[in-house]
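Here is a set of questions about how terms are applied to a model. Each answer sets a value against its cut-off.

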Amino acid sequence: MKILQNSSEPIYKQIANQYRDQILSGKLKPESYLPSIRELAQNLKISVITTMKAYEILAEEGLVTAVQGKGYFVNPQNLELVREQHLRLIETELQNAINSAKVAGLTGDELKQMLEALLQAN
């Protein structure tokens, strides 16, 4: 897990986003446990409250469940739900790209060309 101290994104969101990506991509398997709140806080040299906030976001999204005395574990994922979550993320990122393109003065066609070039490169 990598935390960027100089990022405009709060640390708890960085943590939640990284775990979300690992869960949705299958890198973190269902039923596997996340590090304890204290352990993660110590490893990242951050506040326990920050770590707790990140885990609470994941729990609210249904990605993890808290088990009394054991910590947080990864929930089995519904493939349709995972797809919907990815679509929502794509829509958000594309909207951010559209907003940035407007600021940069790009036309819709120029933005489409840029997207096509990126798709071909991957």
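The questions below concern a predicted model.

Q: What is the order of the elements from the N terminus on?
A: The order is α-α-α-β-β-α-α. The protein has five helices and two strands.

Q: How do you know that the span of helix H3 agrees with what is expected?
A: Helix H3 covers residues 48–60, which is 13 residues. The expected span is 1.5 Å times one less than the number of residues. That should give 18 Å, and the end C-alpha atoms are 18 Å apart, so the two agree.

Q: Why are the buried residues of H3 said to line one face?
A: The buried residues are Thr51, Ala54, Tyr55 and Leu58. Seen down the axis of H3, they fall within an arc of 95°, so they line one face of the helix. An α-helix has 3.6 residues a turn, so residues three or four places apart point the same way.

Q: What do the buried residues of H3 pack against?
A: They pack against two helices, H1 (11–24) and H2 (37–44), and two strands, S1 (64–67) and S2 (71–74). The face turned away from this buried side carries the exposed residues Ile49 and Glu60.

Q: What makes Ser47 a cap of H3?
A: A side-chain oxygen of Ser47 lies 2.9 Å from the backbone nitrogen of Ile49. The cut-off for a polar contact is 3.5 Å. Ser47 therefore meets the distance limit, and the end it caps is the N-terminal one.

Q: Which residue with positive phi follows H3?
A: Gly62 follows H3, with phi near 80°.

Q: Why is Arg20 called buried?
A: Arg20 lies in helix H1. Buried means under 20% relative accessible area. Arg20 is at 17%, so it counts as buried.

Q: What makes the pairings of the Arg20 side chain polar contacts?
A: The limit is 3.5 Å between N or O atoms. The Arg20 side chain meets the side chain of Asn17 at 2.4 Å. It meets the side chain of Glu61 at 2.7 Å. Both pairs therefore fall within the limit.

Q: Which residues is Arg20 in contact with, leaving aside its neighbours within four places in sequence?
A: They are Ile57, Leu58, Glu61 and Leu63. Leu58 is also one of the buried residues of H3.

Q: Why is Glu31 called partly exposed?
A: Partly exposed lies between the 20% and 50% cut-offs. Glu31 has a relative accessible area of 48%, so it is partly exposed. This residue is found in the loop between H1 and H2. Its phi is near 75°, a positive value in a residue other than glycine.

Q: Why is Lys45 called exposed?
A: Exposed means over 50%. Lys45 has a relative accessible area of 73%, so it is exposed. Lys45 is found in the loop between H2 and H3. Its phi is near 60°, again positive in a residue other than glycine.

Q: How does the radius of gyration of the protein compare with that of a compact globule of 122 residues?
A: The globule would have a value near 14 Å, but the protein has 18 Å. The C-alpha atoms fill a box of roughly 55 × 35 × 25 Å along the principal axes.

Q: What share of the residues is buried?
A: Buried residues make up 24% of the 122 residues. The protein exposes about 8700 Å², and carbon and sulfur atoms supply 55% of that area.

Notes: Residues numbered from 1 in each chain as written. Predicted model: local features only at pLDDT ≥ 70, side-chain atom pairs only at ≥ 80, totals over all residues. Heavy atoms only, no water. Helix = DSSP H or I, 4+ residues; strand = E, 2+ residues; numbered from the N terminus. Buried < 20%, exposed > 50% of the residue type's maximum accessible area, 1.4 Å probe, protein only. Arc of directions from axis to C-beta. Contact = heavy atoms within 4.5 Å. Polar contact = N/O pair within 3.5 Å; in protein donor to acceptor, adjacent residues only side chain to side chain. Rg over C-alpha atoms; globule rule 2.2 N^0.38 Å. Areas by Shrake-Rupley, 256 points an atom, 1.4 Å probe, with all protein chains shown as cover.
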